[in-house]
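Here is a structure you may be meeting for the first time. Have a look around, then let's walk through it together.

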Amino acid sequence: MSYDYTFSGLGLSTILVLNEMFENNLLDGKRVLIIEPNELDVNEKTWCYWEEDKGKFDNYINAKWSSALFKDENNSIDCLKGKLIYKQISSKKFIESLFEQLKKNANITLIKEKFISYKSANSYVEILTNVNSYQSKYFFSSVLIDNNYKSSLKYPLLNQHFIGWFVETKDSFFDSEKATFMDFSVDQKQNTRFMYVLPFSKNKALLEYTLFSKDLLAEEEYEHEIELYMSKMGITDYSILKKEQGNIPMTVYPFWKDNEKRVLFIGTAGGWTKASTGYTFKNSIK
């Protein structure tokens with residue numbers, strides 16, 4: 001089977017690239033293939049970004065804050081200062097909504113297979129999955145293939161890794177008007193560690209224990225720190241609604257050097273993640 005455009009992975013970068021192509025009439029008469037092995041609700045992610053006033057994707061916003069704090073034991077600084085709005089989007093809703101719109105207006109095929117490898121030819125790219133092989137005029141990959149970034153001495157790597165709990169408390173503990181970017185009052189333990197808090201109401205919030213370090217932790221270590229943080233807030237009666245976890249490579253490694261005439265790496269695999277913060281949403285739009 002032959003396609004005009006093939007994408008590996010149905011994530012943020014794929015859906016934004018496709019949406020931009022559609023809005024610029026680049027999908028007219030084209031056949032698109034998306035290779036994605038997982039259901040969309042597997043490890044749903046929280047995507048956040050900040051911008052002034054109204055934005056292109058405001059209809060998909062789950063929550064927003066006009067104040068976001070940088071804290072430690074003695075200080076609290078508002079990073080937005082009333083000029084910007086911090087916006088949060090849930091990955092599942094965002095991808096599903098845009099994908100449904102795109103499918104109604106473009107020839108898009110989604111297959112539940114795992115991308116394995118690709119091979120470039122003069123006029124097409126051959127793409128191999130665990131089930132089949134496909135030919136495509138152009139190939140967009142959000143899957144990290146080049147693992148050299150992990151051992152590069154020229155471009156050091158830190159992992160931004162985290163586990164977050166969406167909790168509901170019996171009593172009111174949160175200020176829904178103020179997010180917390182980084183709370184460094186937690187024990188640093190010779191790393192860079194902080195709590196990230198997004199309050200959705202007075203008794204619902206996402207609390208995320210995050211590290212910048214070389215090595216990951218055992219799952220129970222992240223969760224112990226979340227429990228400890230809530231305990232210090234006085235939170236003892238709560239329920240966990242859902243969890244999220246992730247690991248973002250923090251590096252300026254030039255992933256885009258792997259791009260070819262008919263192959264483009266996108267998202268984190270293309271170096272779109274901001275190395276100083278791990279934010280990817282605005283860079284993907286750009």
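Start at Gly234, the residue that comes right after helix H3. Its phi is positive, near 95°. Keep in mind that what you're looking at is a predicted model.

Now step back into the helix itself. H3 covers residues 219–233, 15 residues in total. From first C-alpha to last it reaches 22 Å, close to the 21 Å expected at 1.5 Å a residue.

Which residues of H3 are buried? They are Tyr222, Glu223, Glu225, Ile226, Tyr229 and Met230. These buried residues lie on the same side of H3, because they cover an arc of only 155° around the axis. The background here is simple: an α-helix has 3.6 residues a turn, so residues three or four places apart point the same way. Turn to the face of H3 that looks away from the buried side, and you'll meet Glu220 and Lys232, which are exposed.

So what sits over that buried side? The cover includes five strands: E12 (158–169), E13 (178–183), E14 (192–199), E15 (204–213) and E16 (238–250). H3 lies across these strands, E12, E13, E14, E15 and E16, and runs at about 50° to E12.

Those strands bring us to a sheet. It is an open one with seven strands and mixed pairing, in the order E6-E5-E13-E14-E15-E12-E16. At its edges are E6 (76–78) and E16, each of which pairs on one side only. If you go from strand to neighbouring strand, the turn between them is 20° on average, direction ignored.

Take a look at the E6 end. E5 (residues 67–71) and E6 run antiparallel, and three bridges join them. You can pick out a pair of partners here: Phe70 is bridged to Ile77 in E6.

Finally, zoom out to the whole protein chain. There are four helices and 17 strands in it. The C-alpha trace spans about 60 × 45 × 35 Å along its principal axes. How does the radius of gyration of the protein chain fit with that of a compact globule? With 286 residues, such a globule would come out near 19 Å, and the chain has 20 Å, which agrees. Buried residues make up 44% of the 286 residues. Many contacts also link distant parts of the sequence: of those with a separation of 6 or more, 72% are between residues 24 or more positions apart.

Terms used: Residues are numbered from 1 along each chain as its sequence is written. This is a predicted model: local features need pLDDT of at least 70, side-chain atom pairs count only at pLDDT 80 or more; totals for chains, interfaces and linings use all residues. Side-chain values use heavy atoms; hydrogens and water are left out. Helices (H or I, at least four residues) and strands (E, at least two) are DSSP runs, numbered from the N terminus. The expected span of a helix is 1.5 Å times one less than its number of residues. Buried means under 20% relative accessible area, exposed over 50%, partly exposed in between (1.4 Å probe, protein chains only). The arc is that of the directions from the helix axis to the C-beta atoms. Contact means heavy atoms within 4.5 Å. Two strands pair if DSSP finds at least two bridges between them. Axes are lines fitted to C-alpha atoms, for helices over the stretch in contact, and angles run from 0 to 180 degrees between N-to-C directions. The radius of gyration is taken over C-alpha atoms; the globule rule is 2.2 Å times the number of residues to the power 0.38.
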